[in-house]
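Colleague: Before I read anything into the pockets and salt bridges of a model, I would like to know how each is defined. Could you take me through them in turn?

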Amino acid sequence: NLLTDMAGGYSSSKLLLTLDTVKYLASHHTHDEFPFLNVPSNARHRTTFHAILVRLLLSPGGEDKLGLTFDKFMEPIVETMSQLGSLDSSQLRSEAARMPLVGVFRDLRGITMSLHNRRTFGTMFDILEPRHLPLLSKVADLWYDQPDVMISLLRFMHEFCHNKANRVNFDQSSPNGILLFRATSDVVCAFGRRTLATATPQSGDIYKMRYKGMSIALSVLNSALGGNYVCFGVFALYNDPALDSALDISLKMALSIPLEHVIAYPKLSKSVFGFIEIIFRNHIKTTMAMDTSVFMQLMNAVHEGLQSSDAQISSMCANCIDHLATFYYENSGKDKPEVHNLNKHLAAQPNLFSSLTATLFNLLLFGAPQNHWAVMRPMLSLMLASESSFTAYKEHLMSTQDSANQSKLNEAFNKLLADVNRSLESANRDRFTQKLTAFRVSTRGFLTL
């Protein structure tokens with residue numbers, strides 16, 4: 001921790017670069033020189049150790065002061081990956097390969113954590129692609145049932161796909177964004193297929209043995225899908241199955257976990273609902289093409305998540321509803337396959353919009369304060385998509401109040417709808433959100449449950 005803090009400081013990091021000890025650490029960062037790196041319980045420290053060294057190496061003047069280039073620093077790790085990549089399947093799955101695999105993924109994760117710009121990330125990508133990235137999906141296929149290896153691999157992939165500070169930013173003519181997503185898809189699909197084919201353990205720590213890997217795998221895909229470095233239309237255009245396979249396997253993983261388990265584990269719920277939000281936001285065509293039973297399973301999960309006490313989860317679920325209602329309002333009546341599919345889902349579940357409207361208004365009027373901003377966003381799009389649902393809720397709420405309250409409530413609803421246009425422009429959304437806040441404050445003063 002002391003070394004981490006020193007490497008993060010401006011003056012202290014400059015001082016560290018002048019020390020012979022740090023120069024020695026940077027040029028001899030293998031377990032042969034430092035046996036503590038090979039102790040399984042120290043695996044986490046390997047990540048920190050390499051993150052610190054790379055932060056120093058890539059700081060201004062770091063390579064000159066340490067007498068070492070980034071490529072030279074990577075040589076021992078690349079050599080280990082070459083050795084592992086040359087093994088056949090039985091050798092790669094042997095116990096002799098376990099610690100080298102965990103170690104190399106821990107080291108790579110630490111290194112990637114310290115890559116903060118386009119140049120350094122590009123250098124790292126060029127080192128791994130194309131020779132070493134295929135090893136990752138091979139390991140996922142062989143070691144899917146061993147949490148220590150898989151968690152190390154998936155956490156590295158999560159860091160590698162994460163476009164922090166816009167570092168994953170390749171040239172316009174470069175295919176690297178697509179190659180990175182392909183490698184990500186291969187890992188997630190290999191792990192997902194093998195895991196889904198294995199029975200859920202009936203005893204032991206189910207989170208550690210099954211859900212933790214699924215959670216991180218979904219987070220990996222969420223980072224890749226939301227990283228803004230891939231033009232996803234290319235995959236369908238050239239019949240590349242990487243995107244569809246990744247979405248299909250990830251959806252199966254998400255829906256294979258009982259909803260009560262998803263909600264019980266906070267990290268798992270953020271991964272699952274994060275995935276659902278991304279497919280509603282960016283892959284609505286794929287979402288609408290699902291079987292009605294699968295689509296309704298997703299909507300049931302969204303409905304439950306909307307009522308979560310965790311504001312982040314309820315916000316993601318509210319965004320899902322907003323994406324769905326906005327799509328329906330803007331495309332209703334158009335001759336598109338995805339519109340026909342949505343109409344088919346709504347015909348099978350005609351009260352979908354009305355139940356969502358009722359839940360959103362109940363949360364606004366009677367729910368916990370931390371959820372208010374989350375539930376307000378989809379209300380306008382939902383009202384425009386299904387005005388009958390809003391009217392039905394209004395009539396139902398009026399019927400639960402006495403005559404004095406009914407006139408007050410009717411006046412509050414009239415104020416809410418005054419000066420609101422039938423559009424989803426930002427200004428109109430903001431105006432409606434402000435009116436919803438005033439509506440909530442005024443009605444809570446007299447509403448009776």
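Modeller: Let us begin with the elements: helices (H or I, at least four residues) and strands (E, at least two) are DSSP runs, numbered from the N terminus. This is a predicted model, in which local features need pLDDT of at least 70 and side-chain atom pairs count only at pLDDT 80 or more, while totals for chains, interfaces and linings use all residues. Residues are numbered from 1 along each chain as its sequence is written, and side-chain values use heavy atoms, with hydrogens and water left out.

Colleague: What is a pocket, and what is the volume of the largest pocket?

Modeller: On a 1 Å grid over the protein atoms alone, a pocket is an open set of points with protein on both sides within 12 Å along at least five of seven lines, whereas a cavity is a set where a 1.4 Å probe fits but cannot get out; lining residues have an atom within 4 Å of a point. Grid points are joined across faces, edges and corners, and a volume is the space filled by probe spheres set on the points. Here the largest pocket has a volume of about 540 Å³. It is lined by 24 residues, of which Arg 44, Thr 47, Arg 106, Arg 109 and Arg 155 are the closest to its centre. Helix α4 gives the largest share of this lining, seven residues.

Colleague: How do the residues of that lining divide by character?

Modeller: Ala, Val, Leu, Ile, Met, Phe, Trp, Tyr, Cys and Pro count as nonpolar, Asp, Glu, Lys and Arg as charged, and the others, Gly among them, as polar. By that scheme the lining of the largest pocket has nine nonpolar, six polar and nine charged residues.

Colleague: And how many salt bridges are there?

Modeller: Side chains of opposite charge can pair when their charged atoms come close. A salt bridge is a side-chain nitrogen of Lys or Arg within 4 Å of a carboxyl oxygen of Asp or Glu, and by this rule the count is 17. In one of them, Asp 248 pairs with Lys 252, the closest N and O atoms being 3.3 Å apart; these residues are four apart in helix α15 (residues 242-256), about one helical turn.

Colleague: Is Asp 248 buried or exposed?

Modeller: Buried means under 20% relative accessible area, exposed over 50%, and partly exposed in between (1.4 Å probe, protein chains only). Asp 248, at 36%, is partly exposed, and Lys 252, at 45%, is partly exposed as well.
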